[in-house]
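Biologist: Please examine closely how side chains pair with one another in this predicted model. I should like one connected account that treats the charged pairs and then the aromatic rings.

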Amino acid sequence: TLAIDTDTKDFYILLAPDSSNSEIGIKMNLIRTGEGTLKPGETMWLNHTDHRIMAKLGGNVLTLGPNEEAVSSAPVAASGYYTAEFKYQREARGNILKITEQQWWHDMKSRHLGIISHTSGRLPKLIIYRDFRAPN
């Protein structure tokens with residue numbers, strides 16, 4: 001069960017694995033994005049790992065501690081491609097290891113949600129969602 005108060009109008013619900021939930025094995029996480037929390041062109045980052053995540057996103061630099069959230073500004077001045085480079089530090093200690101370096105498309109008219117999660121492998125998984133909403 002997930003309780004959402006009546007004042008919360010803009011949100012996402014993130015479903016994540018939860019081994020402590022014996023009934024369905026998932027946990028529902030409420031991510032509030034209203035009241036100016038996440039504007040078009042911005043990205044909300046959710047690090048759901050025990051690792052420190054570092055990224056160069058176009059002209060921006062992002063560092064997320066374990067299980068930390070942050071909102072980053074647009075990586076480029078207008079919609080277009082930019083270089084996204086991600087690294088991580090296992091359990092926030094030791095060597096810094098590369099996850100990926102890619103060219104990504106950024107849409108200045110959309111809000112973005114970036115989720116970093118555990119995998120069964122060595123590297124954290126990056127999932128990016130673009131949320132375009134037509135003006136009212």
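Modeller: R133 has a relative accessible area of 40%, so this residue is classed as partly exposed. In this predicted model, R133 forms a salt bridge with D10, and the closest N and O atoms are 2.9 Å apart. R133 belongs to the segment after β10 (125–132), whereas D10 belongs to the segment before β1; the pair therefore ties together parts that are 123 residues apart in sequence. D10 itself counts as buried, because its relative accessibility is 18% and the cut-off for that class is under 20%. The bridge thus joins a partly exposed arginine to a buried aspartate.

This contact is part of a wider arrangement, since D10, R111, D131 and R133 are linked in a network of salt bridges. Within that network, R111 pairs with D131, with the closest N and O atoms 3.4 Å apart. R111 is in strand β9 (residues 110–117) and D131 is in strand β10, so this bridge connects parts separated by 20 residues in sequence. Both partners are classed as buried: R111 has a relative accessible area of 7%, and D131 has one of 16%. Of the four members of the network, R133 is thus partly exposed, while D10, R111 and D131 are buried.

A search of the whole structure finds eight salt bridges. Among them is the pair of R32 and D5, whose closest N and O atoms are 3.4 Å apart. This bridge links distant parts of the chain, as R32 lies in strand β2 (residues 26–32) and D5 in the segment before β1 (11–17), 27 residues apart. Here R32 is partly exposed at 43% relative accessibility, and D5 is also partly exposed, at 38%. The segment before β1 therefore supplies the aspartate in this pair as well as D10 in the bridge to R133.

The aromatic side chains can be described in a similar manner. A pair of aromatic rings is described by the distance of the centres and the angle of the planes. Four aromatic pairs are found in a search of the whole structure. In one of them, the ring centres of Y81 and W105 are 5.1 Å apart and the planes stand at 75 degrees, so the geometry is edge-to-face. Y81 is located in strand β7 (residues 80–89) and W105 in strand β8 (residues 96–106), so the pair ties together parts that are 24 residues apart in sequence. Y81 counts as exposed at 58% relative accessibility, whereas W105 counts as partly exposed at 38%.

The rings of F86 and W104 have their centres 5.4 Å apart and their planes at 40 degrees, so this pair is tilted. Strands β7 and β8 are again involved: F86 lies in β7 and W104 in β8, 18 residues apart. F86 has a relative accessible area of 0% and is buried; W104, at 14% relative accessibility, is likewise buried. The tilted pair thus consists of buried residues, in contrast to the exposed Y81 and the partly exposed W105. Finally, F86 and W104 belong to a cluster in which ring pairs link them with W45 and Y82.

Key
Residues numbered from 1 in each chain as written. Predicted model: local features only at pLDDT ≥ 70, side-chain atom pairs only at ≥ 80, totals over all residues. Heavy atoms only, no water. Phe/Tyr/Trp six-rings, centres within 6.5 Å; stacked < 30°, edge-to-face > 60°. Helix = DSSP H or I, 4+ residues; strand = E, 2+ residues; numbered from the N terminus. Buried < 20%, exposed > 50% of the residue type's maximum accessible area, 1.4 Å probe, protein only. Salt bridge = Lys/Arg side-chain N within 4 Å of Asp/Glu carboxyl O.
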